Amino acid sequence: MLNPAIGKLIKEYKDDNSSRYQLVHDVAARARKIAEDAEANHEIIIEKPVSIAINELAAEKEKAE
């Protein structure tokens, strides 16, 4: 599911007059937050934080439509 979400997000970020760099920034910031929260709560996350962040951003974009 990672690749379709990235392709869709890149297309939507271009439609919103944002750049791919903004997408990378948003994903990285969210992934860091996910990792920090998991560490603070002593949780083990199986999926990578970047994958989780991408899927969350894709879900947010779908809700906005």
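This text leads the reader through a structure, from its confidence to its core and its charged pairs.

The model is predicted, and it is sensible to begin with the confidence attached to it. The mean pLDDT of the chain is 83, and 83% of its residues reach 70 or more. Confidence varies along the chain: helix α1 (residues 2-15) has the lowest mean, 68, while α2 has the highest, 93. As a general caution, where pLDDT is low, predicted coordinates should not be read in detail.

With that caution in mind, we may turn to helix α3. This helix comprises 16 residues and spans 23 Å from its first C-alpha to its last, close to the 22 Å expected at 1.5 Å a residue. Its buried residues are S51, I52, A53, I54, L57 and A58.

Several of these residues reappear in the largest nonpolar core. This core has 11 residues in all: L9, Y13, L23, V27, A31, I34, I52, A53, I54, L57 and A58. Each of the helices α1, α2 and α3 supplies at least two of its residues. The greatest contribution comes from α3, which gives 5 residues. One member of the core, V27, illustrates the contacts in detail: leaving aside residues up to four places away in sequence, V27 touches V50, A53, I54 and L57.

We now pass from nonpolar residues to charged ones. Side chains of opposite charge can pair when their charged atoms come close. In this model, the count comes to 2 salt bridges.

One salt bridge joins E56 and R30, whose closest N and O atoms are 2.5 Å apart. This pair links distant parts of the chain, since E56 belongs to helix α3 (residues 49-64) and R30 to helix α2 (residues 20-40), with their positions 26 residues apart in the numbering. Both partners are partly exposed: E56 has a relative accessible area of 27%, and R30 has one of 29%.

The other salt bridge is formed by K33 and D37, with 3.1 Å between the closest N and O atoms. Here both residues lie in helix α2, 4 residues apart, which is about one turn of the helix. Why can such a spacing bring two side chains to the same side? An α-helix has 3.6 residues a turn, so residues three or four places apart point the same way. K33 is partly exposed, at 41% relative accessible area, and D37 is likewise partly exposed, at 31%.

Key:
Residues numbered from 1 in each chain as written. Predicted model: local features only at pLDDT ≥ 70, side-chain atom pairs only at ≥ 80, totals over all residues. Heavy atoms only, no water. Salt bridge = Lys/Arg side-chain N within 4 Å of Asp/Glu carboxyl O. Buried < 20%, exposed > 50% of the residue type's maximum accessible area, 1.4 Å probe, protein only. Expected span 1.5 Å × (residues − 1). pLDDT = per-residue confidence, 0-100. Core = buried A, V, L, I, M, F, W, Y, C linked by side-chain atoms within 4.5 Å. Contact = heavy atoms within 4.5 Å.
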